[in-house]
Amino acid sequence: MTRPRRIVVDLASPHPAWRVPATAVSTIQAALGPGWEVVEVAVPTASDSPGTPEAVAAVCGAEIYLGHVVPAGVIEAGRDSLRWAHTVTAGVAPSLPHFRGTHIVLTNSAGVHAEPIADWVIAAIGYFARGLDRLREFQAAGRWAWAEFADFAVPVRELSELRLGVFGLGGIGSAIARRGVALRMSVAGVRRRPARGGPTGVRWVGGLADLPRLAAESDCLVIAAPHTAETRGAVSRAVLERLPHDAIVVNVSRGTLLDETALLAVLDASRVRGAALDVFAAEPLPAGHPFWRHPRVLVSPHVAAVTARFWERETGLIVENIRRYLAGSPLTNTVDLEAGY
Ligand SMILES: NC(=O)c1ccc[n+]([C@@H]2O[C@H](COP(=O)([O-])OP(=O)(O)OC[C@H]3O[C@@H](n4cnc5c(N)ncnc54)[C@H](OP(=O)(O)O)[C@@H]3O)[C@@H](O)[C@H]2O)c1
């Protein structure tokens, strides 16, 4: 009797938003068909762990691995048997070094988080542009701040008068750009391969070298590019200083792309209206960090992607790639190890 081929599902979590539902596992099993053994790892993997002993044991002899991150120990144990490893995250920087020198294809979940994050970005822009941050402040003080608005002491703007600049016009950035166009904002963006263009209605698309120009022309600058060797620190002091007066900065990618010290300086100089940050260079944001108490910073604990619809989209991506894998076709969302995303 031939041994079944094996897929390891290492997607346990104490948190319902990130715990793979039983229905998703059944769908994956059905997509694989007969001849496959699905091994579910019941112990959650911590993001900085080299892999749980259960996952490491399960992956020996396995062909496919599905995980939250792809830990070093898992790749080491599956070096000879694994053909494909998939992560349900979009950012892959911590996993990349483990894949160098192996023949294992790495796929990620780029684009899967686009819709909820784009919703969050528009909400964050509205929060500052329409002065909702100040309303919370006045309400906490029990103050009927009619005059502050009528006297324009609180700067407010209509969404359709805003220029939206998107750094990283990929899955997330394009969903943000489409919402901007639909709200009649003037939208531009930069991406690594500008020749690929952007969604219909985007005014111009440039490369990384155009980031200072993008900043200069953006009332809202949204950071949505991955962490790579090229993008690290790209939203520098020089870039932030190009922003127009009362601009809004939104970061939903990784904290390492943004000079956080320089952001504080431009906020304190009142050049920037507000910053909505879902990601930080150090997470959790350390106690006592100036962002915590800053009146014009919205601190979000890396939850912009969280909604109950994640597994629906994620399972769709996994099943599509299982179909391709079984057909011997190139997988979608394959990570380019050199480009870093
Ligand atoms: N806050 C959260 O919870 C959360 C959730 C998901 C993802 N993220 C972060 O968001 C990032 C983007 O996710 P995604 O799904 O949109 O990924 P994606 O579809 O791969 O998009 C990445 C975009 O960044 C662009 N880019 C890459 N390197 C660049 C460079 N050097 N200069 C300019 N643009 C560059 C790419 O350009 P090309 O298209 O031209 O190649 C692409 O448009 C992830 O890597 C992750 O770090 C955060």
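This is a short dialogue on reading the domains and the ligand site of a predicted model.

Q: Which stretches of the protein chain make up domain 1 and domain 2?
A: Start with the domain assignment. Here, domain 1 takes 5–112 + 307–327. Domain 2 covers 113–299. Their centres, taken over C-alpha atoms, are 33 Å apart.

Q: How many residues of domain 1 are in contact with domain 2?
A: Contact means heavy atoms within 4.5 Å. By that rule, 12 residues of domain 1 meet 7 residues of domain 2.

Q: How much area do domain 1 and domain 2 bury between them?
A: Buried area is what two parts lose on being put together. In this model the figure is about 610 Å². Carbon and sulfur atoms carry 63% of it. On the side of domain 1 that touches domain 2, the residues are 6 nonpolar, 5 polar and 1 charged.

Q: How many salt bridges and polar contacts are found across this interface?
A: Take them in turn. The rule finds 0 salt bridges between domain 1 and domain 2. Polar contacts do occur: 3 residue pairs, with both residues at pLDDT 80 or more.

Q: Now the ligand. Which residues come nearest to the ligand?
A: The ligand has 29 residues around it. Nearest are G111, G171, R191, R193 and Y341. By class, the shell holds 14 nonpolar, 9 polar and 6 charged residues.

Q: Which domains supply residues to the shell?
A: Domain 1 and domain 2 each give at least three residues.

Q: What lies 2.7 Å from an N or O atom in the side chain of R193?
A: Polar contacts pair N or O atoms within 3.5 Å. For R193, the partner is an oxygen atom of the ligand. I172 uses a backbone N or O atom, 2.8 Å from a ligand oxygen. D278 places a polar side-chain atom 2.9 Å from a ligand nitrogen.

Q: How much of the ligand's accessible area does the protein cover?
A: Compare the ligand on its own with the ligand in place. Alone, the ligand has 920 Å² of accessible area. The protein covers 94% of that.

Note on methods:
Residues are numbered from 1 along each chain as its sequence is written. This is a predicted model: local features need pLDDT of at least 70, side-chain atom pairs count only at pLDDT 80 or more; totals for chains, interfaces and linings use all residues. Side-chain values use heavy atoms; hydrogens and water are left out. Domain bounds come from an automatic or database domain assignment. Buried area is the accessible area (1.4 Å probe) that two parts lose on being put together, summed over both. A salt bridge is a side-chain nitrogen of Lys or Arg within 4 Å of a carboxyl oxygen of Asp or Glu. A polar contact is a pair of N or O atoms within 3.5 Å; within protein, one must be able to donate a hydrogen and the other to accept it, and residues adjacent in sequence count only if both atoms are side-chain atoms. Ala, Val, Leu, Ile, Met, Phe, Trp, Tyr, Cys and Pro count as nonpolar, Asp, Glu, Lys and Arg as charged, and the others, Gly among them, as polar. A residue is near a molecule or strand if one of its heavy atoms lies within 4 Å of it. Accessible areas come from the Shrake-Rupley method with a 1.4 Å probe; for residues, only the protein chains shown count as cover.
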